[in-house]
Amino acid sequence: MGLFSRHKKETPPLYPPEQWEPVLRCSICTGEQVACMLERESGKLREIMLIRDERDLAAFRKTYGVTGEMRRVY
């Protein structure tokens, strides 16, 4: 255990597609976008990451294997 030990890279939690749907939560006032997972059964949102530009959105899609259009929630 060193003073400057390397941190293990964390893997993102798995969200089964039959239970969770990837959505973008968008603010009407500020235009802020947050990538979220929406639980289909209860409608509960779990925020994953802030989307500032297309690179952030592409990173989210690659990390969670999202293809196609994502629904926007206001």
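Here are legends for a few close-up views of salt bridges in this predicted model.

**View 1. R71 and E21 join up in a salt bridge.** This is one of the 4 salt bridges that the structure holds. The N to O distance between the two side chains is 3.3 Å. R71 sits in strand β4 (residues 71-73) and E21 in strand β1 (residues 20-26), so this pair ties together parts that lie 50 residues apart in sequence. As for accessibility, R71 comes out as partly exposed at 42% relative accessibility, while E21 is buried at 18%. E21 gets that label because buried means under 20% relative accessible area.

**View 2. D56 pairs with R52 through a salt bridge.** Here the side chains come to 3.2 Å, N to O. Which end of the pair is buried, and which is exposed? D56 is the buried one, with just 13% relative accessibility, whereas R52 is exposed, with a relative accessible area of 67%. R52 counts as exposed because the cut-off for that label is over 50%.

**View 3. D53 and R55 make another salt bridge.** Look for the side-chain contact at 3.2 Å, again N to O. D53 is partly exposed, at 30% relative accessible area. Its partner R55 counts as exposed, at 66% relative accessibility. D53 falls in the middle class because partly exposed covers what lies between under 20% and over 50%.

Conventions
Residues are numbered from 1 along each chain as its sequence is written. This is a predicted model: local features need pLDDT of at least 70, side-chain atom pairs count only at pLDDT 80 or more; totals for chains, interfaces and linings use all residues. Side-chain values use heavy atoms; hydrogens and water are left out. Helices (H or I, at least four residues) and strands (E, at least two) are DSSP runs, numbered from the N terminus. Buried means under 20% relative accessible area, exposed over 50%, partly exposed in between (1.4 Å probe, protein chains only).
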